[in-house]
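Visitor: Could you take me through this model, beginning with one pair of packed elements and then moving out to the chain as a whole?

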Amino acid sequence: MNSFIIVETIHVNLSLVRPGMNLLIFVSSFGALQGVIILMSILFKFRHQKNLPLALLLIVFSVRQITIPTWNADVLITRPWLLPLTTPLPFLFGPFLWWYIRELSSNSRNVPKFFILHLFPYFIEVLLMTGTLLKMEGVEYEQFIHNVFTGNPPLWLPIRNGFKVVLNVAYLVLSARLA
């Protein structure tokens, strides 16, 4: 069942991308499939509560990787729901990595207290991006996508992307201190 979903996703992606992107599609699809295989081995063979954050991190990485080929103007104009679902995903990398390192370096077997607070940047970004896109008319949305892909995005977009980088670097530092 899972292989059907993956193959179907790849098929959909192939029909939406430009001809010169076949290598990118292959590499990202292979990477996502690899992540799913590792995830399955964690879930079915190495079932240990300490591996839960690693499994979640792999899910997020795999979903983000499989959406790379869809990151072009044509796809995002015809499927605007992809933007608020995929662009906030990097906000999850740092918290799940930190949680996994914390699990490995401590004897605690519980989800960190108040862990949901670590996920707030992700949920806030999903809501902000969804709200921003819902306020746009069709032509305005197409112009927004065109501006993003021609190198003229609105100022708030690079600021949000910079915040993703800063947040993940902070989590890397916190993870390194735990290790």
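Guide: This is a predicted model, and a good place to begin is the contact in which Pro-90, Phe-91, Phe-93, Gly-94, Pro-95, Leu-97, Trp-98, Ile-101, Arg-102 and Ser-105 of helix 6 meet Arg-160, Phe-163, Lys-164, Leu-167, Asn-168, Tyr-171, Leu-172, Leu-174, Ser-175 and Leu-178 of helix 10.

Visitor: How many residues of the contact of helix 6 with helix 10 are nonpolar?

Guide: Among the residues on the helix 6 side are Phe-91, Leu-97 and Trp-98, while helix 10 brings Phe-163 and Leu-167, among others. Besides four polar and three charged residues, the contact has a nonpolar group that numbers 13.

Visitor: Are helix 6 and helix 10 roughly parallel or roughly antiparallel?

Guide: The axes of helix 6, residues 90-105, and helix 10, residues 156-178, come within 8 Å of each other and cross at roughly 5°. Angles under 35 degrees count as roughly parallel, and therefore helix 6 and helix 10 are described as roughly parallel.

Visitor: How many helices does the secondary structure of the protein chain come to?

Guide: Along the sequence, the pattern reads α-α-α-α-α-α-α-α-α-α. With strands at zero, the count of helices in the protein chain is ten.

Visitor: Over which residues does pLDDT stay under 50?

Guide: The protein chain has a mean pLDDT of 81, with 83% of its residues at 70 or more. Where pLDDT is low, the predicted coordinates should not be read in detail. That caution matters for the stretch where pLDDT stays under 50, with 17 contacts beyond four places in sequence, namely residues 1-17.

Note on methods:
Residues are numbered from 1 along each chain as its sequence is written. This is a predicted model: local features need pLDDT of at least 70, side-chain atom pairs count only at pLDDT 80 or more; totals for chains, interfaces and linings use all residues. Side-chain values use heavy atoms; hydrogens and water are left out. Helices (H or I, at least four residues) and strands (E, at least two) are DSSP runs, numbered from the N terminus. Axes are lines fitted to C-alpha atoms, for helices over the stretch in contact, and angles run from 0 to 180 degrees between N-to-C directions. Angles under 35 degrees count as roughly parallel, over 145 as roughly antiparallel, 65 to 115 as roughly perpendicular and the rest as oblique. Contact means heavy atoms within 4.5 Å. Ala, Val, Leu, Ile, Met, Phe, Trp, Tyr, Cys and Pro count as nonpolar, Asp, Glu, Lys and Arg as charged, and the others, Gly among them, as polar. pLDDT is the predictor's confidence in each residue, from 0 to 100.
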